[in-house]
Amino acid sequence: MKEIATLAAEKSFAELDTREREMVLSVTTEADYEQMHRLLRNAASLDARAAPPHALAARLHQHMAEYRPTPAKQPFLRRLSAIRVPAWQAAAAVLFALAIGQWRKTEAPDVVVPAPLVQTIVRTDTVFLEKIKWKERIVFRKSASPMPAGQENISPGFAAEIPQPVPATHFLPTSTPEYSASGTPIGEQPELLQFFTQPGQ
Amino acid sequence: MQAIARRDEQAFAELYERYGRQMYRFFYRMLWRDAGRAEDFTQELFIKIIERPEAYDPARSFVTWLYTLSHNLCKNEYRRQARSVLHLSRVQPDRETDLPENADQELLEKQLRAAIDALPDVHRLCFILRYQEERSLQEIAEIMACPEGTVKSRVHYAVQKIAADMQHVWGAQNQSELYKNLIIKYL
């Protein structure tokens, strides 16, 4: 079955056969169908008379007559293979290439490639690393001075370490050097006294 | 096309005779009834055929291929238009004109043109191809390179929109309901 829109574009309600009419009337009214038919028919005939100018056809025919297509560019290898040369030229080229090869083989001197000299220079450098170490030394001095008053309650262990004063009996008898005055008293030597004192004193 | 590829002028003349007017009319409708532009585009289309006949794939329908080329040319023109100033004729239909029910044919056509011009480009293309160029939905789908269902919905939208715009012309109060029902069910 045709679509109603397609049907409306083609036929008016009066042109429909019985079956088509039944189908249309099952969906819409005759007036509505006629309006749709009018719309689509008018749309189809709209600008139907537009025609191109004759000059256009003339220009196109002229272009067709004058146009020469440019040959499509082929790949390089294909173009190379399409080149034709006479057989004698090809043979001459081959012979020439062989002759050149032979000549180069005979004429080429033996080139002695000297062994490369290898010189090794060993360089030794010395690097001094200076490291400074800091040391801190703490010296404790123990004195045998008597305990100050109020500090008698020191620990026995520590008290034992305190050296006891040496008894006087342990000292060797010492002799007191006798002082003997020798020389001349300074008062008796006015020149010497004058040396140490300022005049007028 | 094979004859044209062999530079057969007679074949080209026959081809132009067969399709020249049709394609000119299509461009005329698609390019806002600008005769000069339609002529330029028709010329460009046929020059393409002359210069690149090998572009045609014989497996395809020739008419569909022609419309595809034309559609692509129009799309380019729409892009150019979108970049420049909006085309003057692409305005909403004149709703101020209150036509009587037995409106003059000329005025009716004027309103119809305005309603078609007011459609978005893709919908206008679908409507023109379907109801003015009388192409099938399948052909339109191929021309526009989109699914047939998309074409159907676009045609549906286009007819609905035109019907709505023409409502005041017809003087029918239930016009939009009519088209909505008709098209949804049977298009």
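**From a helix of chain A to the shared core**

Helix H3 of chain A (residues 30–45) has 16 residues and reaches 22 Å from its first C-alpha to its last, close to the 22 Å expected at 1.5 Å a residue, the expected span being 1.5 Å times one less than the number of residues. This is a predicted model, in which local features need pLDDT of at least 70 and side-chain atom pairs count only at pLDDT 80 or more, while totals for chains, interfaces and linings use all residues. Residues are numbered from 1 along each chain as its sequence is written, and chains are lettered from A and ligands numbered from 1 in the order in which they are written.

Within H3(A), the buried residues include A:Tyr33, A:Met36, A:Leu39 and A:Leu40; a residue is buried if 20 or more other C-beta atoms, placed from the backbone, lie within 10 Å of its own. Just after this helix, A:Asp47 takes a positive phi of about 60 degrees.

Chain B comes to 9 helices and 0 strands, where helices (H or I, at least four residues) and strands (E, at least two) are DSSP runs numbered from the N terminus. Of its 187 residues, 34% count as buried.

The largest nonpolar core, a set of buried Ala, Val, Leu, Ile, Met, Phe, Trp, Tyr and Cys residues joined through C-beta atoms within 7 Å, holds 55 residues, of which A:Ala8, B:Phe27, B:Cys126, B:Phe127 and B:Ile162 touch the most other members. Helix H2 of chain B (residues 9–30) gives this core its largest share, 9 residues. Because domain 1 (1–90) and domain 2 (94–187) of chain B both give residues to the core, it lies between them, the domain bounds coming from an automatic or database assignment.

Conventions
A residue is buried if 20 or more other C-beta atoms lie within 10 Å of its own, exposed if 12 or fewer, and partly exposed in between; C-beta atoms are placed from the backbone.
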